[in-house]
Amino acid sequence: MGDDVQTLPYGSWPSPIDAALAAAHDGHPEWVGFVGDEAWWTEPRPTEGGRRTLVRRRADGSEEPVLPAPWNVRSRVIEYGGQPWAGTMGDDGRPLVVFVNFADQRLYRYEPGGDPRPLTPVSLVGGGLRWADPVLRLDLGEVWCVLEEFTGDGPTDVRRVLAAVPLDGSAAQDRDAVRELTDARQRFVTGPRISPDGRHVAWLGWDHPRMPWDGTELVLASVADDGALREPRTVAGGPEESIAQVDWAQDGALLYASDRTGWWNLYRDGEPVCPREEEFGGPLWKLGQRWFAPLESGLIAVVHGRGATALGVLDPETGEVVDAAGPWTEFASTLAVHGERVVGVGASPRSAHEVVELDTRTGRARVIGAGHDDSVDPAYYPEPQIRTFTGPDGREIHAHVYPPHHPGCVAPGDELPPYVVWAHGGPTSRAPLVLDLSIAYFTSRGIGVAEVNYGGSTGHGREYRNRLREQWGVVDVEDCAAVALALADEGTADRDRLAIRGGSAGGWTAAASLTATDVYACGTIVYPILDLAGWGEGETHDFESQYLETLVGPLAEVPARYAERSPTEHADRITAPFLLLQGLDDVICPPAQCERFLSRMEGRRVPHAYIAFEGEGHGFRRAETMIRALESELSLYAQVFVLDPPGIPTLELTK
């Protein structure tokens with residue numbers, strides 16, 4: 001570029017990636033499936049109130065949304081939801097789809113050209129009736145799925161069973177018309193997986209205080225002629241074995257992904273088919289996630305990898321995996337198969353998530369939906385580095401480092417860039433290496449980002465995942481700090497201009513880092529956990545209500561540990577400015593956590609801002625929310641790091 005390159009301080013580079021652009025591209029396609037020969041999936045609409053719609057790809061290659069606003073295809077089972085729809089071709093040759101509508105959580109039947117018709121009733125008790133992971137049984141005139149039913153007003157007053165809902169609408173006003181397939185002996189269940197001959201059904205179940213990545217049971221039952229389930233029995237799994245998914249091969253063999261060796265590997269009727277030190281499964285945050293799908297040929301489509309995921313085809317007889325060729329370096333945990341076709345959702349550092357189809361006969365993979373479109377010159381995209389750092393006790397810490405990058409700007413030669421450490425949520429999750437315009441929003445302005453897959457993250461086996469057991473608020477904080485300081489020590493980042501940010505469990509790590517270390521000059525804390533005792537004593541939803549028993553330790557036995565690590569209990573230690581962002585409809589990390597924390601900050605004269613968003617829950621989905629959140633975060637860094645980003649509204653910090 002020669003003379004076109006400008007020398008400007010970090011943080012002041014002009015960028016075409018504004019907050020509105022980043023918000024418009026937030027979210028990605030999810031929950032792929034087939035309806036006849038057509039691939040269907042859900043897709044976000046940030047500018048339409050954050051709803052999700054169904055999209056179909058017709059035989060001619062055209063895409064069209066199936067349901068107009070305000071229909072919102074999203075389940076609230078376990079609050080994080082799950083597979084919210086299922087479809088097939090009806091007897092009349094038209095698509096027949098059932099889906100969960102977010103607003104009322106009712107299950108609806110829909111045939112294009114008509115109006116959605118409710119299949120399930122409304123309950124006014126607590127959180128009502130909720131549904132997820134449906135499977136159509138046209139032979140019985142039913143849809144089988146997970147039923148989550150609130151029995152009282154408390155967040156843990158809930159039962160979950162497998163249930164059969166009549167497709168004729170007879171249960172729309174009659175709860176008694178819903179046929180329960182199981183009892184509620186297990187606190188949590190996934191949706192049913194029915195054998196090819198229809199004579200058996202399998203599902204996963206687990207109980208408090210375990211989370212599904214700690215230990216689950218694989219339950220098998222026979223199906224009677226009247227559709228009742230008989231003799232349910234546990235055939236695999238246990239308290240220290242996590243089975244992430246179950247399904248059936250075409251020949252009737254039972255397939256499942258278990259981490260009994262320390263890695264989620266595939267098993268066929270209990271025998272390993274591809275033993276490797278990599279993952280063929282993952283953390284079951286949503287009911288219906290799929291990391292593998294059996295094909296008619298006997299081959300198995302798999303999403304697998306170590307620290308990243310590829311789409312491949314596994315031959316269970318030889319254990320050989322052939323990965324799809326293409327630019328995608330990360331695939332989401334959603335798969336669908338039809339004949340020899342496989343559909344998944346892939347992304348890369350240069351492309352956002354898009355719907356990808358693999359033809360297993362030819363090996364050809366192509367984009368068939370939600371195709372990535374460069375809304376700005378890709379020269380402005382970050383150029384990430386895959387790094388491994390050394391933490392306390394010599395332990396490895398995996399991270400993705402995104403240096404500041406701009407095609408037309410450089411900083412003065414003696415200046416080091418500011419960096420923001422991003423702590424992912426979960427915490428049993430990970431940060432995938434994919435194009436994220438929220439990251440590009442910062443890097444294209446001259447602010448580096450480091451995503452840390454701290455101890456406890458997935459993708460590196462159970463041992464790495466278990467590092468966080470009873471160490472939450474310690475290992476995650478130490479690992480993030482180790483990465484930040486290593487970047488400063490090697491001359492990559494400015495030691496005096498380091499920040500930390502995170503949402504949900506990452507918000508906890510950000511807040512805990514500000515109370516426990518002096519590494520960061522400021523922080524952004526998004527819908528966080530701040531008070532462990534409050535969260536562990538009823539301030540969250542049922543799914544995670546005993547999560548802290550393994551992350552921190554049994555509350556009844558180590559109550560002092562809960563107080564010792566909680567940012568709310570140590571607000572007096574915070575001296576760095578911070579931004580706190582919260583959704584007022586959040587039932588997972590409720591606003592009460594933020595309010596209690598802020599009350600402890602009164603009179604301390606630490607510059608901060610608190611922005612609470614009406615109509616937002618756990619995870620911001622509305623474009624206007626995301627715009628304000630990004631611009632406010634950038635303004636915080638500008639004020640603390642003495643930057644001059646053009647065109648950014650100034651965030652008012654109070655003391």
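With which side chain does the side chain of D259 make a polar contact? Before I answer, a reminder that this is a predicted model.

The partner is R465, and the polar contact between the two side chains is 2.7 Å. As for where D259 sits, look in the loop that runs between β20, residues 254-258, and β21, residues 265-268. Is D259 buried or exposed? Its relative accessibility is 1%, so D259 counts as buried, the cut-off being under 20%. If we set aside neighbours within four places in sequence, D259 is in contact with W213, E240, E241, S242, W264, R462 and R465. So R465 appears both in that contact list and as the polar partner.

Now to the sheets, beginning with the one that contains β10. This is an open sheet of four strands, ordered β10-β11-β12-β13, with antiparallel pairing. β10 (129-137) and β13 (179-180) are at its edges; each has a single partner strand, so one side of each has no neighbour in the sheet. Inside that order, β11, residues 142-150, pairs with β12, residues 158-166, in the antiparallel sense over nine bridges. To find one of the bridge partners, go to L147, which is matched with V161 in β12.

The other sheet I want to show is also open, with four strands in the order β23-β24-β25-β26 and antiparallel pairing. Here the edges are β23 (292-294) and β26 (320-323), and because each has a single partner strand, one side of each is left without a neighbour in the sheet. From one strand to the next, the twist averages 25°. β24, residues 300-304, and β25, residues 310-315, form an antiparallel pair over five bridges. V303 has L311 in β25 as its bridge partner.

Note on methods. Residues numbered from 1 in each chain as written. Predicted model: local features only at pLDDT ≥ 70, side-chain atom pairs only at ≥ 80, totals over all residues. Heavy atoms only, no water. Pairing = 2+ DSSP bridges. Helix = DSSP H or I, 4+ residues; strand = E, 2+ residues; numbered from the N terminus. Axes fitted to C-alpha atoms, helices over the stretch in contact; angles between N-to-C directions. Buried < 20%, exposed > 50% of the residue type's maximum accessible area, 1.4 Å probe, protein only. Polar contact = N/O pair within 3.5 Å; in protein donor to acceptor, adjacent residues only side chain to side chain. Contact = heavy atoms within 4.5 Å.
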